[in-house]
Amino acid sequence: MAEPIIDCEYFAKDLCRSCARLDMPYDEQLATKFEGVRALIDAKTWLPSLASKPESFRNKVKLVVSGTIDRPQLGITDVDLRDCPLPTTGIRIATAQLAEFIRECAIQPYNPATDRGVLKYVIVTESTTGQLMVRFVARRRGVQGILFKKYERLCELVPMLAVCTLNVQPERKAIIEGEEEILISEQRSLPMPIVVSDPAQEMSAGVQRLHLELRPQSFFQTNTEMAEALYARAAHWAQGAESAWDLYCGVGGFALALAQAGVKNVVGVEVSPDAVAAGNEQAAKYFPDVVSFVAGDATAWVREQTTTPQVVVVNPPRRGIGAELAQWLEQSEVPTVIYSSCNARSLAADLEKMPSYSVEQAQMLDMFPHTDHSETIALLKR
């Protein structure tokens with residue numbers, strides 16, 4: 001077995017195998033992923049694959065709370081991962097402090113085997129500003145009393161804390177988050193300024209900041225550097241278009257990047273009302289009368305429209321856009337589709353349902369180093 005490319009005691013001791021490819025040289029990881037994606041997607045042109053930093057790239061972690069009241073652990077079930085090298089520096093520093101806060105508050109970790117205990121997860125996100133959003137996931141609302149009472153102490157332990165919430169997930173199911181989110185901090189969203197550079201220009205030119213806001217239940221890619229590259233690529237491909245839809249838009253990164261690139265009418269569609277509210281705040285501030293966001297199911301929404309845009313961007317979950325939306329696109333008059341996918345197999349399955357489109361260009365981005373997963377962005381032309 002080859003030496004791991006980063007020093008990880010959990011991998012070395014066989015305590016965590018989430019990074020299944022950690023013992024493979026990174027250039028080999030990248031080449032293997034690319035060959036797998038290229039075998040599934042028939043693109044006329046493949047752009048060079050984008051490598052990620054091997055460590056400190058994860059801007060968000062979902063940590064299982066286990067152990068005991070006196071010795072809580074944060075990581076995966078029964079394994080404390082506070083020294084994992086993958087999260088950003090701010091998250092790694094905060095993890096130990098959060099474990100100490102849980103201990104001081106005497107909140108009992110939840111045990112799924114016995115269905116006893118209270119605190120299930122801690123979800124931590126770090127912005128490019130260094131600020132943090134911390135979400136405690138518990139099985140009952142009563143934990144909010146402790147969090148409000150001890151909030152000043154939490155801020156002492158985690159000085160970069162900007163947003164804090166309690167998510168209530170009472171069910172004994174393999175789901176992480178519940179629907180109810182209780183705001184503990186005064187601030188409700190995490191500023192996430194990112195850099196979106198036109199890939200066709202020199203790095204010193206075309207560099208622009210995009211201002212996003214992350215709310216507790218909104219989606220943003222876990223690797224900020226790769227997210228910036230995705231948005232830049234899509235914006236470059238969409239230049240010159242008058243109108244665009246961003247389906248499964250999350251916090252609106254693609255939509256806002258397209259507007260920044262000159263697209264004059266952009267609509268983002270997302271099921272999370274939280275994400276839509278944050279997106280509309282940023283749209284009103286930076287792109288009034290150009291970008292708007294609506295809450296709804298993407299497939300149902302497109303079927304209600306009487307006109308079509310010049311560009312449709314889709315960034316669906318791992319299952320892909322599915323037969324119904326693929327059929328709608330196939331039968332539509334949309335000339336350009338930009339498809340960002342975290343699952344090349346579902347992307348390939350969706351492409352089979354859209355034979356009127358050809359993949360003009362595609363690129364693989366290593367959103368998830370040391371795993372078999374990657375992100376693929378593809379430019380489809382009718």
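# Exercises on a helix pair and its surroundings

In this predicted model, the axes of helix α6 (residues 224–238) and helix α7 (residues 253–260) come within 8 Å and cross at roughly 45°.

**Exercise 1.** Work out which orientation class the pair α6 and α7 belongs to, and find the handedness of the crossing.

*Solution.* Start with the angle, which is roughly 45°. Angles under 35 degrees count as roughly parallel, and 65 to 115 as roughly perpendicular. The value falls in neither range, so α6 and α7 are oblique to each other. Then look at the turn: the crossing of α6 and α7 is right-handed.

**Exercise 2.** List the residues through which α6 and α7 meet, then sort them by class.

*Solution.* Take α6: it contributes L230, Y231, A234, A235 and A238. Now take α7: its partners are G253, F254, A257 and L258. Sorted by class, this contact has eight nonpolar residues, one polar residue and no charged ones.

**Exercise 3.** Decide whether A257 is buried or exposed, and trace its surroundings.

*Solution.* First, place A257: it sits in helix α7. Next, check its relative accessible area, which is 2%. Buried means under 20%, so A257 is buried. Leave aside neighbours within four places in sequence; A257 then contacts L210, Y231 and A235. Finally, compare sequence with space. A257 and A234 are 23 residues apart in sequence, yet their C-alpha atoms are 8.0 Å apart.

**Exercise 4.** Find the largest nonpolar core and follow one of its residues, Y231.

*Solution.* The largest nonpolar core has 45 residues. Those with the most contacts inside it are L212, F220, Y231, L258, V291 and I338. Helix α6 supplies the largest share of this core, nine residues. Now follow Y231. Beyond four places in sequence, Y231 touches I194, V196, L212, F220, Q221, G253, F254 and A257. Another core lies apart from the largest one; it has 36 residues, among them V37, V302, Y357 and A362. As background, nonpolar side chains in soluble globular proteins tend to be buried together.

**Exercise 5.** D115 and Y248 each have a positive phi without being glycine. Locate both, and state how accessible each one is.

*Solution.* Begin with D115, whose phi is about 60°. D115 lies in the loop between α3 (89–105) and β5 (119–126). Its relative accessible area is 26%, so D115 is partly exposed. Turn to Y248, whose phi is near 60°. Y248 is in the loop between β11 (243–247) and α7. With a relative accessible area of 17%, Y248 is buried.

Definitions and conventions: Residues numbered from 1 in each chain as written. Predicted model: local features only at pLDDT ≥ 70, side-chain atom pairs only at ≥ 80, totals over all residues. Heavy atoms only, no water. Axes fitted to C-alpha atoms, helices over the stretch in contact; angles between N-to-C directions. Helix = DSSP H or I, 4+ residues; strand = E, 2+ residues; numbered from the N terminus. Parallel < 35°, antiparallel > 145°, perpendicular 65-115°, else oblique. Left-handed = near helix turned anticlockwise from the far one by under 90°. Contact = heavy atoms within 4.5 Å. Nonpolar A, V, L, I, M, F, W, Y, C, P; charged D, E, K, R; others polar. Buried < 20%, exposed > 50% of the residue type's maximum accessible area, 1.4 Å probe, protein only. Core = buried A, V, L, I, M, F, W, Y, C linked by side-chain atoms within 4.5 Å.
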